[in-house]
Amino acid sequence: MVASGGDERDAGTPGDREHRHRHGFAGAGLAGLVLTPAVGFPAARQRQPESATRRDRRELCISLAESATLMGQLVWDASQRRDDAVSVQYFDQAIAAAREVRDPILEAHAHLRKGFVALYGTKDVREGLRLCNETALVSRKVSDVLTGLGFLHVSEAYAMLGERRHCERVLGKAEDSFARIHHDDEALHMFSPTQFDRLAGSCYLSLGVNHKAEQILTKSARSLVRWKKSQSIVLGNLTLAYVRQGKLEEACGTLHQAIDLIQETRGAGGLNIAFTAGRELAPWCHEPGVQEISDRLFALMAT
């Protein structure tokens, strides 16, 4: 995944992938460098052979940035979003390697992933806002997908801070960026038409505008049948919107659907929201429907 722009970025072609394999940059040696975040980018540069060309060095940095970003995602997912520090080390590696070759696509992607850790892992909302805004700034001339995703999560950070005016202003920027997406955007694989509604619904939930969150999240849940992890998150948020409006029957029905999906996917994001919804249902713990939900949530903890 490389950017188009002022610098030549052609590492994604079949010929260049063969070039990396011939020079040993796409094999076990590179994997060994990124498996331990304390080693990473500086060691990778030091271990290059003296005969390495400028192109070789560029290919190594690109491979390292891609691999470190992937490792950061894998570590965070495998730890159920608990291993924040190691994931951030990997994303920092990726950012450093991407900057070395001035690749804004790779740099912006790593900033975005690091922003997710701040927003949903360490709960440092202002740091998440800064990182997601950096995503939009770095990618603004090369990818409307990444620019839009950066703005989308900036708006969510503003919502978490209770700043509705700023949230809605940046939501508009995200929508404008998505409207400009072209088929040759190099981050197109990261985009889904469902993303805007999913995050907008989450924003209004954080802002306490529960009726609007319900409307948006209901629409979003119907469109996410193919993306079960995302659908479980949306259904969990929709449950919260129902609970906060006192709609107990709807809340229980939606949370049962979310738990069904979580049992299938084991998605950490959906799991966390389901437990939050379970806690918010506690005032109705004497109700049979809520007791059934509690039993299912305990069963999830035990597996």
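Is lysine 114 buried or exposed? Lysine 114 is buried, because its relative accessible area is 15%, and the cut-off for burial is under 20%. The structure is a predicted model, so each value below is computed from predicted coordinates.

Confidence comes before detail. The protein chain has an average pLDDT of 84, and 83% of the residues score at least 70. The mean is lowest in helix 1 (residues 14-22), at 35, and highest in helix 8, at 98. Residues 1-35 have a pLDDT below 50; in the model this stretch has 71 contacts beyond near neighbours in sequence.

Helix 8 covers residues 144-160, a run of 17 residues. From its first C-alpha to its last the helix reaches 24 Å, close to the 24 Å expected at 1.5 Å a residue. Helix 8 is mostly covered, with 16 of its 17 residues buried. At the N-terminal end of helix 8, serine 143 acts as a cap: one of its side-chain oxygens lies 3.4 Å from the backbone nitrogen of valine 145. Following helix 8 is glycine 162, with a positive phi near 80°.

Positive phi is also found in residues other than glycine. One of them is lysine 123, where phi is near 60°. Lysine 123 sits in the loop between helix 6 (104-121) and helix 7 (125-139). Lysine 123 counts as exposed because its relative accessibility is 56%, and the cut-off for exposed is over 50%. Arginine 266 is not a glycine either, and its phi is positive at about 60°. The loop that holds arginine 266 runs between helix 13 (248-265) and helix 14 (268-280). With a relative accessible area of 34%, arginine 266 is partly exposed.

The next topic is charge pairing. Side chains of opposite charge can pair when their charged atoms come close. The model has 10 salt bridges, among them the pair of lysine 114 and aspartate 92, whose closest N and O atoms are 2.6 Å apart. Lysine 114 belongs to helix 6 and aspartate 92 to helix 5 (residues 84-100), so this salt bridge ties together parts that are 22 residues apart in sequence. What is the exposure of aspartate 92? At 34% relative accessibility, aspartate 92 counts as partly exposed, whereas its partner lysine 114 is buried at 15%.

Another salt bridge joins the side chains of lysine 219 and aspartate 197, with an N to O distance of 3.3 Å. This pair links distant parts of the chain, since lysine 219 is in helix 11 (residues 210-223) and aspartate 197 is in helix 10 (residues 195-206), 22 residues apart. Lysine 219 is exposed, because its relative accessible area is 52% and exposed means over 50%.

Which residue forms a salt bridge with aspartate 260? The partner is arginine 296, and the closest N and O atoms of the pair are 2.6 Å apart. Here too the pair links distant parts of the chain: arginine 296 lies in helix 15 (residues 288-302) and aspartate 260 in helix 13, 36 residues apart. Arginine 296 counts as buried, because its relative accessibility is 18% and the limit is under 20%. Aspartate 260 is partly exposed, with a relative accessible area of 42%.

Methods: Residues numbered from 1 in each chain as written. Heavy atoms only, no water. Helix = DSSP H or I, 4+ residues; strand = E, 2+ residues; numbered from the N terminus. Buried < 20%, exposed > 50% of the residue type's maximum accessible area, 1.4 Å probe, protein only. Salt bridge = Lys/Arg side-chain N within 4 Å of Asp/Glu carboxyl O. Expected span 1.5 Å × (residues − 1). Polar contact = N/O pair within 3.5 Å; in protein donor to acceptor, adjacent residues only side chain to side chain. pLDDT = per-residue confidence, 0-100. Contact = heavy atoms within 4.5 Å.
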